[in-house]
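Work through the exercises below with the sequence and the model side by side. Try each task before reading its solution.

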Amino acid sequence: MMLLSCKETTRLLSQGEDRGLAFGERVALRVHLAICNGCRNLNAQFKFLRLAVKQLSGDGDADKPA
Amino acid sequence: MPPPTPAAPADFRAQVERLRPYLLRYAALQLRDTSAAEDAVQEALLAALAGEANFAGRSNLRTWLTGILKHKIVDTIRRQSREQRAPELEADRDAAEFDGLFDSRGHWAEAPEAWEQPEGSLRQKQFLAALEACLRALPERTARVFMMREHLGLETPEICKELGISATHCWVMLHRARMALRLCLQTNWFAK
């Protein structure tokens, strides 16, 4: 099985936001995240970035009347 | 606030006009250039007024206008990238760019710490200003790809097509943007 370094993990976590990951990639990520606090934190931060950018234009509440 | 009702023709124009500041901000976030943003909004509003029948109160007016504007923004980006198609040089530097964060085996030299209550920051104007400053600090092409993905919400194949770059290059730039933004927010917001 593929063992990821943290550096490779950051790349795959980012790509996971942009494309469907292959089964092997998902497994390798899960194994790495289970043992790596830093990469878990980074993953949460990548996801938070997505939310935050939506907030910039007020898109976070696009469905509410202006 | 009442739910949006079908717009009467008489005040449709006024309703559309009222959304202009929002639309300008939306366009400027992507295009980084006020006059290009104004042009895109103007084109979108003209198209919207001409296509009023298509709206007919079916959806939120802002959502509908934003959809039209998105197309105009992509048109602008397409024109711009045709004029200044740069070789894929930026990507080559990327590989080494975050090396300092990792040791020789690719493990964190300094692991990211958890951010406390990041959702609370989203309601703070100062946080959004800090995020905008971090976005402005990104290299132009990197920021463009990142905002096409996260602000316009385009999928990577579409971004690649519009910019004439490979999917791999696209992912490299998105990774680079996220790493840089994370680091910038860590330094300028969460570590403070």
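The exercises that follow go from chain A to the interface, the domains, single helices and the core.

This is a predicted model, in which local features need pLDDT of at least 70 and side-chain atom pairs count only at pLDDT 80 or more, while totals for chains, interfaces and linings use all residues. Residues are numbered from 1 along each chain as its sequence is written, and chains are lettered from A and ligands numbered from 1 in the order in which they are written.

**Exercise 1. Chain A**

Task: state how many helices and strands chain A has, and what percentage of its residues is buried.

Solution. Step 1: chain A has 3 helices and 0 strands, where helices (H or I, at least four residues) and strands (E, at least two) are DSSP runs numbered from the N terminus. Step 2: read from the N terminus, the order of elements is α-α-α. Step 3: chain A has 66 residues, of which 29% are buried. A residue is buried if 20 or more other C-beta atoms lie within 10 Å of its own, exposed if 12 or fewer, and partly exposed in between, with C-beta atoms placed from the backbone.

**Exercise 2. The interface between the chains**

Task: find which helix of chain B gives the largest share of the side that touches chain A.

Solution. Step 1: the interface pairs 37 residues of chain B with 30 residues of chain A; two residues are in contact if their C-beta atoms, placed from the backbone, lie within 7 Å. Step 2: on the chain B side, at least two residues come from each of helix 2 (20-31), helix 5 (61-83), helix 8 (125-136), helix 9 (140-150) and helix 11 (167-190). Step 3: helix 11 of chain B has the largest share, 7 residues. Step 4: by class, this side of chain B holds 21 nonpolar, 7 polar and 9 charged residues. Here Ala, Val, Leu, Ile, Met, Phe, Trp, Tyr, Cys and Pro count as nonpolar, Asp, Glu, Lys and Arg as charged, and the others, Gly among them, as polar.

**Exercise 3. The two domains of chain B**

Task: give the distance between the domain centres and say which helix contributes the most to the domain 1 side of the contact.

Solution. Step 1: chain B divides into domain 1 (9-83) and domain 2 (89-190), with bounds from an automatic or database domain assignment. Step 2: taken over C-alpha atoms, the two centres are 27 Å apart. Step 3: domain 1 puts 8 residues into the contact and domain 2 puts in 7. Step 4: helix 2 and helix 5 of chain B each supply at least two residues of the domain 1 side, and helix 5 gives the most, with 6 residues.

**Exercise 4. Helix 8 of chain B**

Task: explain why the buried residues of helix 8 of chain B are on the same side.

Solution. Step 1: the buried residues are B:Ala130, B:Leu131, B:Cys134 and B:Leu135. Step 2: these residues lie on the same side of helix 8 of chain B because they cover an arc of only 140° around the axis, the arc being that of the directions from the helix axis to the C-beta atoms. Step 3: an α-helix has 3.6 residues a turn, so residues three or four places apart point the same way. Step 4: the face turned away from the buried side carries the exposed residues B:Lys125, B:Gln126, B:Ala129 and B:Arg136. Step 5: the buried residues pack against helix 3 (37-56) of chain A, and also against helix 9 and helix 11 of chain B.

**Exercise 5. Helix 2 of chain B**

Task: list the buried residues of helix 2 of chain B and their packing partners.

Solution. Step 1: the buried residues are B:Leu23, B:Tyr26, B:Ala27, B:Leu29, B:Gln30 and B:Leu31. Step 2: their partners are helix 3 of chain A together with helix 3 (34-50), helix 5 and helix 9 of chain B. Step 3: just after helix 2 of chain B, B:Arg32 has a positive phi of about 60°.

**Exercise 6. The largest nonpolar core**

Task: name the residues that touch the most other members of the largest nonpolar core.

Solution. Step 1: a nonpolar core is a set of buried Ala, Val, Leu, Ile, Met, Phe, Trp, Tyr and Cys residues joined through C-beta atoms within 7 Å. Step 2: in the largest one, with 55 residues, B:Ala27, B:Ala44, B:Leu65 and B:Leu69 touch the most other members. Step 3: helix 11 of chain B supplies the largest share of this core, 10 residues. Step 4: leaving aside neighbours within four places in sequence, B:Ala44 is in contact with B:Leu23, B:Leu65, B:Ile68, B:Leu69 and B:Lys72.
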